[in-house]
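User: I'm new to this one. Could you walk me through how to read it?

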Amino acid sequence: MSTTPRPIDSDADTLAVDAPFVIELLRGFIADGVRKVGFERVIVGLSGGVDSSLVTALAVSSLGADSVVALFMPYRSSDPQSLIDALAVCESVGIKAEIVDITPQVDTYFDRFPDADRTRRGNKMARERMSILYDHSMAERALVLGTSNKTELLLGYGTLFGDMASALNPIGDLYKTQVYALARALGLPQSVLTKAPSADLWVGQSDEDELGMRYAVVDQVLHLLIDERRSKAEVMALGFDAAEVDAIVARVRGSQYKRRPPVIAKLSNRTIDREFRYPRDWGR
Amino acid sequence: MVLERSRPGVIPHAAGEPGEPVGEPSIVPEMIANPAGSVTIALAQFYPRLGDVAANLAAHLTTIDGAAAAGAGLVVFPELSLTGYFLKDQVPEVALTIDSSEVGALRDASRERGVDIVAGLILESGEHRFHNAALYISGGEVVHVHRKVYLPTYGLFDEQRYVAAGDRFRAFDAPLGGRADHRWRAGILICEDLWHPSAASLLARQGVDLIICPSASPGRGQLQGEALGTASSYDVMTRTYAQLFTTYVLYCNRSGFEDGVGFWGGSRVVDPMGAVVAEVRGTHESVLVHSLERSAIRRARVAYPLLRDERNDVNDAETDRLRRRHARG
């Protein structure tokens, strides 16, 4: 892990956000995106982590408490602290959490495939949660809000058709450190702001351990590579650890497929999304 | 939409000191009949429904009524105000011809309400080319058509894929609903046209008093300092052009979202000294009503005779030299 300070730009915090301004913009984004497709309500898979907590708070701020459904979906190995945090978030924004325990359906499935490793189990859990969210979306007439931030989307640190699935994602263009800044500005409970980021598939799981990198560094490197379009060599010359920069670049490239719709075999003159190009807000 | 009346005086943060002349302004300005004259204009910071021309036209007509009732001689709508911006394959589906019933409805409104209209649309030519265009409509006639020259095709923009580029920047006499008691010369720059100083400079050289800039500018960039990066850029450009060319700049940006992209509003009137004298503070739909003072143009050109001093001969000679060199390869 890099501990070398950046030799230039040391005064400018490129990841700083004007929180009230961005929050106002995201409130507008949510209200507009929901109402324009004929919905009034949203549903969020609330884990008690900072991303889904921020999205829940933004949604309440945008649409009002009555229009936000928070679904907490623990598995038996989830950290008990997660429920405490999720409930604290709900209390702080004035909504109630609905709880759907996914243990029975996940365990029933893996009784048939007992050799499945942690990754398969984790992905399955994420997809069970997605499936429950979309079912409740229909039942509650509530649009599914995404909770993936820019860091994890770029690193591919999410489950395709699992936690990456949503109708609207208010935080997908914010790096993890920016998510924290907004969460602090919205006054989310202290425990949510201070605990180590985790997918919480088992107690003690840690994003930063699994990634082998710290968000504080990853976000800066991603910002340089993606937003500033600096070359790998330029980023390394700024003092970031070469192996780490290589690893980040490899992850971003390797996970590109996760950020694109499925590939369609080209046959006609007007293939969907290639020559057939309409905005999603077509007719809205 | 809410009608916002501008408050008298200058918006404090925006006043600036004059810079060195850089453009190539002025020959024309005709003698003005009444230097004390003024005319009220309205900027409609509007949220068009994407691809729904009928709904947008209806909203235009309502806004035009309101602006006329407020005494405006001109109401400006944003870029592509009749269609929305990120049209993609809808371009040929929403395109209008100059003799369409929709343009006819705006012509009728301009005549009946006594207010001039700048509206944005996809304009289809006889050769079935589609232009991102703005019409200046007055007294039942289309007085001027500006076809966007600079079509951004980078970043989130893809205009050259869908529309054809215009090829001229022309000034015209703006009747301002017949409510002005002297001649006002105007020119239109659509959004990206503003990013090319030669465009504003060509208008200044044709003697404009008024640069009208309909815009559909998506907010993006830095998230610091109470404004997105794009808003800061337009702040600089509108103030700079107003000051260097000693003209009014009417910047009318749109409101709303398309596919998650937010348009940042911030429509404003910048006076010929480069001061922001009226502004919509926010992204919401709003109609900004403000009075343009002929005397402000006079004062600016007395204090800073930049257009008088502009060396068009030097500019022409240097341009010719560069063109000859270019022709020689």
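**Helix 10 of chain A**

Analyst: Sure, let's start with helix 10 (residues 215–227) of chain A, where A:Tyr215, A:Val218, A:Asp219, A:Gln220, A:Val221, A:Leu222 and A:Leu224 are buried. Buried here says that 20 or more other C-beta atoms, placed from the backbone, lie within 10 Å of a residue's own. Helices are DSSP runs of H or I with at least four residues, strands are runs of E with at least two, and both are numbered from the N terminus. This is a predicted model: local features need pLDDT of at least 70, side-chain atom pairs count only at pLDDT 80 or more, and totals for chains, interfaces and linings use all residues. Residues are numbered from 1 along each chain as its sequence is written, with chains lettered from A and ligands numbered from 1 in the order in which they are written.

User: Which helices do the buried residues of helix 10 of chain A pack against?

Analyst: In general, an α-helix has 3.6 residues a turn, so residues three or four places apart point the same way. Here, the buried ones pack against helix 6 (150–155), helix 7 (176–185), helix 9 (207–211), helix 11 (232–237) and helix 12 (242–254) of chain A. After helix 10 of chain A comes A:Arg229, with a positive phi near 55°.

User: What is the strand order in the open sheet of chain B?

Analyst: Strands of a sheet pair through backbone hydrogen bonds, either parallel or antiparallel. Pairing is counted when DSSP finds at least two bridges between two strands. In chain B, six strands run in the order 7-8-9-10-13-14, with mixed pairing. Strand 7 (172–173) and strand 14 (276–279) of chain B each have a single partner strand, so one side of each lacks a neighbour in the sheet. Strand 10 (residues 248–253) and strand 13 (residues 268–270) of chain B are antiparallel, over three bridges; B:Val249 has B:Val270 as its bridge partner.

Conventions
Buried ≥ 20, exposed ≤ 12 C-beta atoms within 10 Å, placed from the backbone. Contact = placed C-beta atoms within 7 Å.
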